[in-house]
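Colleague: I am new to this structure and would like a close look at a single part. Please take one helix and follow it outward to whatever surrounds it.

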Amino acid sequence: MEKMPYRPELDLQTVQPSAGEVVSTDWRGRLPALSGRQGGLRELRASDAAPLFALLTTEEVARFISPPPTTVEGFERFIAWTHRQRLAGTYVCFAVTLKGFDTAIGIFQVRQLEPDFGTAEWGFAIGSPFWGTGVFQDSAQQVLEFAFDVLGVHRLEARAAVQNGRGNGALLKVGAVQEGVLRKSFLRNGRYLDQVLYAIVEDDWREARRPVDPVVVLH
Ligand SMILES: CC(C)(COP(=O)(O)OP(=O)(O)OC[C@H]1O[C@@H](n2cnc3c(N)ncnc32)[C@H](O)[C@@H]1OP(=O)(O)O)[C@@H](O)C(=O)NCCC(=O)NCCS
């Protein structure tokens, strides 16, 4: 999700769940903690603002994503906004942590593109000291499971600037399929960039996870 839906100028704290809305699962109230082999995912909290500011505002991390907040306070407002969007049932944002540690080193976001998350879009950013360590792939598997099993997504899209080598490589690694190029679709630093559109479709994801049937040798 290179175009992060958070827009500081539109952050008016007005998003509330609509009256009488049926809350069928409790992720809207609070995200579950997910754990993988290398790390975990959990709800963001205000105290994550400082480490996320330090890790996600570097040039190499922010080069191909929407400009992140420029201050720790800006990240605090972003975190509060993620909670309101989650409560409204339209978006979730997980903090990425390493096993045995509680410090947030990155984020995974999923937002609905149609009501009830049928089609959704995800995006992620991790501090560069943790690139190439496997924590991305490990966390991505947890988020995919959450998206398909809990949110009820059937098609999960992602967009990556053509120039974003790691972003494209990371998406391909977790089974995303390139579907086309969105020409001049992303404005960054005064320049329109082409983006690759990726998708993971629920059926393909489930099929890829299905254990391979054992080969029966007949004598
Ligand atoms: C996207 C991000 C979370 C991925 O995490 P990561 O730890 O770098 O990802 P990984 O190292 O597991 O995977 C990246 C893959 O891309 C490959 N890669 C690196 N540069 C590449 C390039 N120029 N072209 C193609 N593939 C490239 C890597 O070799 C790696 O594949 P491998 O493990 O098979 O060798 C991280 O790089 C990041 O936060 N980037 C900045 C934010 C961002 O761009 N987010 C938007 C993504 S659409």
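Modeller: The model is a predicted one, and the part to look at is helix H3, residues 72-88. Its 17 residues reach 25 Å from the first C-alpha to the last, close to the 24 Å expected at 1.5 Å a residue. Many positions in H3 are buried, among them Phe 75, Phe 78, Ile 79 and Trp 81. The buried set also includes Arg 84, Gln 85 and Arg 86. Just after the helix, Gly 89 takes a positive phi of about 80 degrees.

The cover over the buried residues of H3 includes helix H1 (49-56) and the strands S2 (39-43), S3 (91-98) and S4 (106-112). Of these, S2 is itself mostly covered, with five of its five residues buried. S2 pairs with S3 in the antiparallel sense over five bridges, and in that pairing Glu 43 has Phe 94 of S3 as its bridge partner. S2 also pairs with S1, again in the antiparallel sense, over two bridges. There Leu 34 is matched with Leu 41 of S2, and three residues lie between the two strands of this hairpin.

These strands belong to an open sheet of eight, in the order S1-S2-S3-S4-S5-S6-S8-S7, with mixed pairing. S1 (34-35) and S7 (177-188) stand at the edges with a single partner strand each, so one side of each has no neighbour in the sheet. Helix H5 (residues 165-173) also packs on the sheet, where it touches S5 (119-126), S6, S7 and S8. The direction of H5 makes about 155 degrees with that of S6.

How values were computed:
Residues numbered from 1 in each chain as written. Predicted model: local features only at pLDDT ≥ 70, side-chain atom pairs only at ≥ 80, totals over all residues. Heavy atoms only, no water. Helix = DSSP H or I, 4+ residues; strand = E, 2+ residues; numbered from the N terminus. Expected span 1.5 Å × (residues − 1). Buried < 20%, exposed > 50% of the residue type's maximum accessible area, 1.4 Å probe, protein only. Contact = heavy atoms within 4.5 Å. Pairing = 2+ DSSP bridges. Axes fitted to C-alpha atoms, helices over the stretch in contact; angles between N-to-C directions.
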